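Morning, everyone. I'd like to walk you through one structure today. Please have a look at it first.

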Amino acid sequence: MPVNPKLQGWVFPPTEPYLVGREKVREFARAVFATNPINFDPAAAKAAGYDDVVAPPTFAIVMQEHTLAQLLAEPDAGIDFSRVVHGDQRFTSSRPIVAGDLLTATLTVPSVKTLGGHSIVTAESSITDATGAHVVTAISALVVRGED
């Protein structure tokens with residue numbers, strides 16, 4: 001089943017709120033080989049003006065995964081996950097993610113393109129804090145390989 005071109009323009013419901021934990025930030029920072037003390041040490045983060053440890057910029061992928069799960073579970077999308085290759089990833093931040101943030105993400109699909117028998121689905125996850133203020137937007141391009 002090919003990707004549904006009518007997927008373009010879809011907006012999914014917001015995710016359940018996600019409380020960013022200090023240990024999750026530290027685990028992620030270790031996984032991406034972060035070396036900045038503000039990613040690990042609350043005192044260093046406070047000295048830098050933050051309430052708690054600061055997540056590396058790519059931590060937003062944790063939230064985006066929640067939205068992509070919605071997309072991939074949508075039967076009308078026509079996306080066979082076994083044929084998906086991650087094509088691109090970008091982040092645009094208003095501020096860093098900090099332990100203690102309560103975040104919600106909303107996925108939109110700004111484009112669906114067909115190229116050489118393959119589909120490229122752009123997934124844009126807008127992540128906001130408990131006040132509704134923008135924190136980061138994570139944009140992924142998912143390449144859905146066509147039939148062999």
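Let's start with a helix. Helix α3 covers residues 60-73, which is 14 residues. From its first C-alpha to its last, α3 reaches 20 Å, close to the 20 Å expected at 1.5 Å a residue. One caution before I go on: this is a predicted model.

Which residues of α3 are buried? They are Ala 60, Met 63, Gln 64, Thr 67, Leu 68 and Leu 71. Look at the spacing of those numbers. An α-helix has 3.6 residues a turn, so residues three or four places apart point the same way.

And what do the buried residues of α3 pack against? Strands: β1 (18-19), β2 (84-93), β3 (102-115), β4 (118-128) and β5 (134-144).

Now to the strands themselves. β1 pairs with β3 in the antiparallel sense, over 2 bridges. There, Tyr 18 stands opposite Leu 103 in β3. Keep Leu 103 in mind.

β3 also pairs with β4, again antiparallel, over 10 bridges. In that pairing, Val 112 stands opposite Val 121 of β4. β3 and β4 form a hairpin, with 2 residues between them. Gly 116 sits in the turn and has a positive phi of about 60°.

Next, the charges. Side chains of opposite charge can pair when their charged atoms come close. How many salt bridges does the structure hold? It holds 6. I'll take some of them in turn.

Asp 52 forms a salt bridge with Arg 22, with the closest N and O atoms 2.9 Å apart. This pair links distant parts of the chain, 30 residues apart. Asp 52 is in the loop between α2 (42-47) and α3, while Arg 22 is in helix α1, residues 22-31. Is Asp 52 buried or exposed? Its relative accessibility is 13%, so Asp 52 counts as buried. Arg 22, at 35%, counts as partly exposed.

Stay in α1 for the next pair. Arg 26 forms a salt bridge with Glu 23, and here the closest N and O atoms are 2.5 Å apart. Both lie in helix α1, 3 residues apart, about one turn of the helix. Arg 26 is buried, with a relative accessible area of 18%. Glu 23 is partly exposed, at 41%.

Now a loop-to-loop pair. Asp 129 forms a salt bridge with Arg 95, the closest N and O atoms being 3.2 Å apart. Asp 129 lies in the loop between β4 and β5, and Arg 95 in the loop between β2 and β3. They are 34 residues apart, so this pair too links distant parts of the chain. Asp 129 is buried at 14% relative accessible area, whereas Arg 95 is partly exposed at 27%. Arg 95, Asp 101 and Asp 129 are linked in a network of salt bridges.

Last stop, the nonpolar interior. The largest nonpolar core has 16 residues. Those with the most contacts inside this core are Val 20, Val 25, Phe 59, Ile 97, Leu 103 and Ile 127. α1, α3, β3 and β5 each supply at least two residues of it.

So back to Leu 103. Leaving out residues up to four places away in sequence, what does Leu 103 touch? Among its contacts are Tyr 18, Val 20, Met 63, Ile 97, Ile 127 and Asp 129. We met Tyr 18 as its partner across the strands, and Met 63 as a buried residue of α3.

There is also a second, separate core of 15 residues. It includes Val 109, Val 112, Val 121 and Val 144. Val 112 and Val 121 are the opposite pair from the hairpin strands.

Key:
Residues numbered from 1 in each chain as written. Predicted model: local features only at pLDDT ≥ 70, side-chain atom pairs only at ≥ 80, totals over all residues. Heavy atoms only, no water. Helix = DSSP H or I, 4+ residues; strand = E, 2+ residues; numbered from the N terminus. Expected span 1.5 Å × (residues − 1). Buried < 20%, exposed > 50% of the residue type's maximum accessible area, 1.4 Å probe, protein only. Contact = heavy atoms within 4.5 Å. Pairing = 2+ DSSP bridges. Salt bridge = Lys/Arg side-chain N within 4 Å of Asp/Glu carboxyl O. Core = buried A, V, L, I, M, F, W, Y, C linked by side-chain atoms within 4.5 Å.
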